[in-house]
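User: I'd like to go through the empty spaces and the charged contacts in this one with you. Can we start with what lines the biggest opening?

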Amino acid sequence: MVKQYISAVLEDLVGEYILNISKEKLKVSTIKGKIKLDNVELDGDFIGSHILSAVGLSGFGVLSCWARRLQINIPWKNLDNEP
């Protein structure tokens, strides 16, 4: 149930950058405040259009793009002090 909720929240936050977020790929340690996704497929069209156009390479594209790990740390004890 927690993984399903976190998966839905991640989809809302980073869904335009990451393809196929699934709760099976999530590693969650709620008490420690750590969320990990391994072997994440990034949206090559979205990233390519933003990065390549920013450096003046608008005629090129990104076929595939992967990240080995996406890790999110939630500072439960310092939510007021840390962004």
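User: By class, how many nonpolar, polar and charged residues does the lining of the largest pocket have?
Analyst: In this predicted model, the lining of the largest pocket has 9 nonpolar residues, with no polar and no charged residues. The residues in question are Tyr5, Ile6, Val9, Leu10, Leu13, Val14, Ile35, Ile72 and Ile74.

User: How much space lies in that largest pocket, and which element gives the largest share of its lining?
Analyst: The space in the largest pocket comes to about 170 Å³. Helix H1, which covers residues 2–14, supplies the largest share of the lining, namely 6 residues.

User: Which residues make the nonpolar surface patch?
Analyst: Tyr5, Val9 and Leu13 make a nonpolar surface patch of about 330 Å², and these three residues also appear in the lining of the largest pocket.

User: Is Tyr5 buried or exposed?
Analyst: Tyr5, which sits in helix H1, has a relative accessible area of 60%, and because the cut-off for exposed is over 50%, Tyr5 counts as exposed.

User: Switching to enclosed space: how many cavities of 30 Å³ or more are there?
Analyst: The count is 1 cavity of 30 Å³ or more, and the space in the largest cavity is about 30 Å³. Two elements give two or more residues each to the lining of the largest cavity, strand S1 (18–19) and strand S3 (34–42).

User: Which of them gives the most, and what is the lining like by class?
Analyst: Strand S3 gives the most, with 4 residues. By class, the lining of the largest cavity has 5 nonpolar, 2 polar and 2 charged residues; among the lining residues are Ile18, Asn20, Lys25, Asn39 and Glu41.

User: Asn20 and Asn39, then: what is the phi of each?
Analyst: Asn20 has a phi near 55°, and Asn39 has a phi of about 50°, so both values are positive although neither residue is a glycine. For context, most residues other than glycine have a negative phi.

User: Where do those two lie, and how exposed are they?
Analyst: Asn20 is in the loop between S1 and S2 and is exposed, with a relative accessible area of 58%. Asn39 lies in strand S3 and counts as partly exposed at 49% relative accessibility.

User: On to charges. How many salt bridges does the structure hold?
Analyst: The structure holds 2 salt bridges. In one of them Lys27 pairs with Asp38, where the closest N and O atoms are 2.9 Å apart. This pair links distant parts of the chain, with Lys27 in strand S2 (residues 26–29) and Asp38 in strand S3, 11 residues apart.

User: And which residue forms a salt bridge with Arg69?
Analyst: Asp38 forms that salt bridge with Arg69, and the closest N and O atoms are 2.9 Å apart here. Asp38 lies in strand S3 and Arg69 in strand S4 (residues 65–73), so the pair ties together parts that are 31 residues apart in sequence. Lys27, Asp38 and Arg69 are thus linked in a network of salt bridges.

User: Is Asp38 buried or exposed, and what about Lys27 and Arg69?
Analyst: Asp38 has a relative accessible area of 17%, and because buried means under 20%, Asp38 counts as buried. Lys27 is partly exposed, with a relative accessible area of 47%, and Arg69 is also partly exposed, at 49% relative accessibility.

Definitions and conventions:
Residues numbered from 1 in each chain as written. Predicted model: local features only at pLDDT ≥ 70, side-chain atom pairs only at ≥ 80, totals over all residues. Heavy atoms only, no water. 1 Å grid on protein atoms, 1.4 Å probe; cavity = no way out; pocket = protein on both sides within 12 Å on 5 of 7 lines; lining within 4 Å. Points joined across faces, edges and corners; volume = space filled by probe spheres on them. Nonpolar A, V, L, I, M, F, W, Y, C, P; charged D, E, K, R; others polar. Patch = residues over 30% accessible without salt bridge, like charges linked within 9 Å, V, L, I, M, F, W, Y side chains within 5 Å. Areas by Shrake-Rupley, 256 points an atom, 1.4 Å probe, with all protein chains shown as cover. Salt bridge = Lys/Arg side-chain N within 4 Å of Asp/Glu carboxyl O. Buried < 20%, exposed > 50% of the residue type's maximum accessible area, 1.4 Å probe, protein only.
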